[in-house]
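User: Got a minute to go through this one with me? I'd like to take it piece by piece.

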Amino acid sequence: MTGFMSCAMGDPAVQREAIIPQGAAFFAIKEVRPVRHFAFHLLPYFTLLAFSAALDPLRIANQLAQRPLYRWTVTSCDGGPAASSCGMSVNVDQSLGPFSRETDLVVCGGTVRVGAGAKDLLGLLRQHARFGGRVGGICTGAIALAQAGLLKGRRATLHWENQPAFQETFPDIEVTQNAYEVDGTIFTCGGGVGTTDMMLEQIEADYGGAFAGLVADMCLYSQRRSDHAPQRASVSTGIETRNPFLVRAIKAMQSQIEAPPTMEELADAAGCSRRQMERLFVKYLGKSPYRFFRDLRLDHARGLLRETDLKVSEVAVASGFTSTMVFTKSFRARFGRSPKQSRSAP
């Protein structure tokens with residue numbers, strides 16, 4: 001499903017020293033614990049924000065404690081610089097290789113490319129988990145964990161934009177809309193600043209809430225979220241109105257993409273008449289409920305085309321269109337290109 005490049009297994013991780021910058025703020029850590037080691041594997045087109053949001057809380061923790069609480073190793077498929085989704089490349093420590101069981105092995109994803117997962121990476125993830133190591137996925141890193149078979153029977157999450165395609169490909173995995181999920185030795189997050197929330201929870205588990213709170217303050221992060229916090233703002237925030245009829249109608253649309261209800265059924269779900277619902281959509285969104293729902297389904301289809309190997313006819317059905325011809329015509333009208341052209345576009 002994703003464009004993981006072929007990875008050559010490298011040598012075992014180099015024992016890189018923990019980075020302990022100097023700073024004015026200080027927090028005395030009394031606990032004596034082994035230094036926790038994270039290995040971050042950067043996939044091609046990884047999200048720079050999500051990666052840095054994971055790394056900096058660890059750096060800040062060391063800085064505040066003036067002790068080596070955490071250290072990290074950064075890898076890429078071939079040991080060369082890893083290109084992020086914004087075009088910036090990041091130097092790494094080594095190529096992909098095995099790590100000790102005590103290491104937290106984290107796959108950092110980002111922009112998805114259609115293709116098979118690298119066998120070496122998937123094999124390493126399975127091996128690490130089999131011997132009791134903790135494994136994580138940041139942003140779309142959860143896709144690699146799913147391909148490795150590590151998310152069966154687990155709760156997991158990834159960026160909301162990539163969830164429709166993920167659920168089509170892995171229908172048996174329980175995917176949540178939460179900012180992050182920690183399920184035993186498996187941890188995943190949607191990326192962005194949600195990665196910081198997840199890392200702060202780990203720091204709190206290791207050294208307590210007061211210390212994690214100061215790390216958050218150093219990040220200028222005043223609104224920590226729990227794992228149950230949603231990734232996205234509420235529907236009412238997105239449409240800039242709290243009108244309950246409109247919100248209920250949109251939620252009904254979002255939950256029934258593949259089998260679209262009729263306008264009458266949507267009005268019933270909203271708790272108003274069809275005419276009233278139509279007036280509300282035009283007033284607040286500038287389009288009819290039919291047009292809004294069609295665009296919602298077409299946006300869903302575009303994601304499936306870009307991130308799965310589903311045939312155009314299968315994407316049409318998964319997006320609530322009974323006719324491939326109608327789907328293609330509607331898609332071209334919205335995006336200016338056919339479904340096939342959209343799939344092959346860079």
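**Helices, strands and rings**

Analyst: Sure, starting with helix α5 (residues 194-207): its 14 residues reach 20 Å from the first C-alpha to the last, close to the 20 Å expected at 1.5 Å a residue. That expected span is 1.5 Å times one less than the number of residues. Helices here are DSSP runs of H or I with at least four residues, strands are E runs of at least two, and both are numbered from the N terminus.

User: Before we go on, what kind of model is this, and how is it numbered?

Analyst: It's a predicted model, where local features need pLDDT of at least 70 and side-chain atom pairs count only at pLDDT 80 or more, while totals for chains, interfaces and linings use all residues. Residues are numbered from 1 along each chain as its sequence is written, and side-chain values use heavy atoms, with hydrogens and water left out.

User: OK, back to α5. How many of its residues are buried?

Analyst: 11 of the 14, so α5 is mostly covered, with buried meaning under 20% relative accessible area, exposed over 50% and partly exposed in between (1.4 Å probe, protein chains only). The buried set is G194, T195, T196, D197, M198, M199, L200, Q202, I203, D206 and Y207.

User: What comes just after α5?

Analyst: G208, which takes a positive phi of about 100°.

User: And α8, how far does that reach?

Analyst: α8 covers residues 244-255, and those 12 residues reach 17 Å from first C-alpha to last, close to the 16 Å expected. Its buried residues are L246, V247, A249, I250, A252 and M253. As background, an α-helix has 3.6 residues a turn, so residues three or four places apart point the same way.

User: Which residue caps the N-terminal end of α8?

Analyst: N243, with a side-chain oxygen 3.1 Å from the backbone nitrogen of F245. The N243 side chain also reaches the backbone nitrogen of L246 at 3.1 Å. Polar contacts are N or O pairs within 3.5 Å; within protein, one atom must be able to donate a hydrogen and the other to accept it, and residues adjacent in sequence count only if both atoms are side-chain atoms.

User: Where does N243 sit, and is it buried or exposed?

Analyst: N243 is in the loop between α7 (235-239) and α8. It counts as buried because its relative accessibility is 15%. Leaving out residues up to four places away in sequence, N243 touches L280 and Y284, where contact means heavy atoms within 4.5 Å.

User: Switching to strands. What's around β6?

Analyst: β6 pairs with β1 (residues 36-42) in the parallel sense over five bridges, and five bridges also join β6 to β7 (residues 134-138), again running parallel. Two strands pair if DSSP finds at least two bridges between them. F40 has V106 of β6 as its bridge partner, and D104 stands opposite R134 in β7.

User: Which β6 residues are on which face?

Analyst: D104, V106 and C108 are on one side, L105 and V107 on the other, and all are buried. That's five of five residues for the strand, which spans 104-108.

User: How many disulfides?

Analyst: Zero in the whole structure, taking a disulfide as two cysteine sulfur atoms within 2.5 Å. For C189, the closest cysteine sulfur is in C139, but at 7.7 Å that's too far for a bond. C189 counts as buried because its relative accessibility is 0%, while C86 is exposed at 55%.

User: And aromatic pairs, how many?

Analyst: The count is 12. Rings of Phe, Tyr and Trp (its six-membered ring) pair if their centres lie within 6.5 Å; planes under 30 degrees apart are stacked, over 60 edge-to-face, the rest tilted. One of them is F27 with F211, tilted, at 5.1 Å centre to centre and 55° between the planes. That pair links distant parts of the chain, 184 residues apart: F27 is in the segment before β1 and F211 in helix α6 (residues 209-218). F27 is partly exposed at 23%, whereas F211 is buried at 0%.

User: Which aromatic cluster are those two in?

Analyst: The one formed by F27, F38, F40, F46, F51, Y70, Y207 and F211.

User: Last one: what does S330 touch?

Analyst: R294, L298 and F321, leaving aside neighbours within four places in sequence. S330 is in helix α13 (residues 324-335) and is buried at 11%. S330 and R294 are 36 residues apart in sequence and 8.5 Å apart C-alpha to C-alpha.
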